[in-house]
Amino acid sequence: MAGLVLSGVIADVFSYAAKSYNRLYIARTISKAEKMVSQDKYDRAIELYEKAYAKISSSMNDDKNEILIAKIKNNQGLCLSKRFEKTKDVLDFKQALSLFEEACAVYKKIKNGELADQTEQNIKILEKMAEV
């Protein structure tokens with residue numbers, strides 16, 4: 001699935017993670033998740049992204065958190081898309097689509113056209129997978 005785009009989360013995480021233990025935990029968790037994605041271990045990556053999301057969303061208070069959460073949602077959607085490609089499980093499709101749409105809405109809200117376009121591309125690829 002050549003076209004799906006993994007959002008670069010690490011730079012945002014390190015910016016986010018500057019001061020507290022929770023932030024360092026989040027940075028390590030996301031780093032592990034991205035490693036799992038690179039090893040095609042999507043179920044484990046999804047779990048790790050969910051842990052990071054839970055920590056971040058509990059302290060949601062600025063645009064940096066918002067874009068970081070959008071990138072996490074995009075990457076979770078990517079993992080679910082990869083799983084859907086293999087299993088054709090409709091639940092994976094619906095969850096991936098929902099996550100991509102949520103991420104895209106945030107990118108549009110903060111006027112980041114590049115990330116919005118990348119996420120819209122992920123949606124198109126997911127929809128094409130469903131047609132096959």
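This short presentation walks through the predicted model of a single chain, from its overall make-up to one helix pair and a few chosen residues.

Good morning. I will begin with the confidence of this predicted model. The average pLDDT of the chain is 86, and 80% of the residues score at least 70. Confidence varies along the chain: helix H1, residues 10-16, has the lowest mean pLDDT of its elements, at 54, while H5 has the highest, at 97. Much of what I say will concern H5.

Next, the overall make-up. The chain contains 6 helices and 0 strands, so that its elements, read from the N terminus, run α-α-α-α-α-α. It has 132 residues, of which 44% count as buried. If we take the contacts between residues at least 6 apart in sequence, 59% of them join residues at least 24 apart.

Let me turn to the pairing of H5 with H6. How do these two helices pack? Helix H5 covers residues 90-109 and helix H6 covers residues 113-131; their axes lie 8 Å apart, at an angle of about 160 degrees. Because angles over 145 degrees count as roughly antiparallel, H5 is roughly antiparallel to H6. The crossing of H5 past H6 is left-handed.

Which residues form this contact? On the H5 side they are Phe93, Ala96, Leu97, Phe100, Glu101, Ala103, Cys104, Tyr107 and Lys108. On the H6 side they are Leu115, Ala116, Thr119, Glu120, Asn122, Ile123, Leu126, Glu127 and Ala130. Sorted by class, the contact has 12 nonpolar, 2 polar and 4 charged residues.

Two of these charged residues deserve individual attention. Lys108 belongs to H5 and is partly exposed, since its relative accessibility is 48%. Leaving out residues up to four places away in sequence, Lys108 touches Ala116 and Glu120. On the partner helix, Glu127 sits in H6. Is Glu127 buried, exposed or partly exposed? Its relative accessible area is 36%, which makes Glu127 partly exposed. With residues up to four places away again set aside, Glu127 touches Phe93 and Leu97. I would also note the pair of Glu127 and Ser81: 46 residues separate them in sequence, and their C-alpha atoms are 9.7 Å apart.

A further charged residue of H5 is Asp92. Its relative accessibility is 4%, and Asp92 therefore counts as buried, the cut-off being under 20%. What surrounds Asp92, once its neighbours within four places in sequence are excluded? Its contacts are Leu80, Arg83, Phe84 and Thr87. These positions bring us to helix H4, which spans residues 63-87.

Within H4, I have selected Cys79. Its relative accessible area is 0%, so Cys79 is buried. Not counting residues up to four places away in sequence, Cys79 touches Val37, Tyr42, Ala45, Ile46 and Tyr49. The C-alpha atoms of Cys79 and Asp40 are separated by 8.6 Å, although these residues stand 39 apart along the chain.

To conclude, I would leave you with three points. The chain is built with 6 helices and 0 strands. Helices H5 and H6 are roughly antiparallel, and their contact includes 12 nonpolar residues. Among the residues examined, Asp92 and Cys79 are buried, whereas Lys108 and Glu127 are partly exposed. When viewing the predicted model, please keep in mind the mean pLDDT of 54 for H1. Thank you for your attention.

Definitions and conventions
Residues are numbered from 1 along each chain as its sequence is written. This is a predicted model: local features need pLDDT of at least 70, side-chain atom pairs count only at pLDDT 80 or more; totals for chains, interfaces and linings use all residues. Side-chain values use heavy atoms; hydrogens and water are left out. Axes are lines fitted to C-alpha atoms, for helices over the stretch in contact, and angles run from 0 to 180 degrees between N-to-C directions. Helices (H or I, at least four residues) and strands (E, at least two) are DSSP runs, numbered from the N terminus. Angles under 35 degrees count as roughly parallel, over 145 as roughly antiparallel, 65 to 115 as roughly perpendicular and the rest as oblique. A crossing is left-handed if the near helix is turned anticlockwise from the far one by less than a right angle, and right-handed if clockwise. Contact means heavy atoms within 4.5 Å. Ala, Val, Leu, Ile, Met, Phe, Trp, Tyr, Cys and Pro count as nonpolar, Asp, Glu, Lys and Arg as charged, and the others, Gly among them, as polar. Buried means under 20% relative accessible area, exposed over 50%, partly exposed in between (1.4 Å probe, protein chains only). pLDDT is the predictor's confidence in each residue, from 0 to 100.
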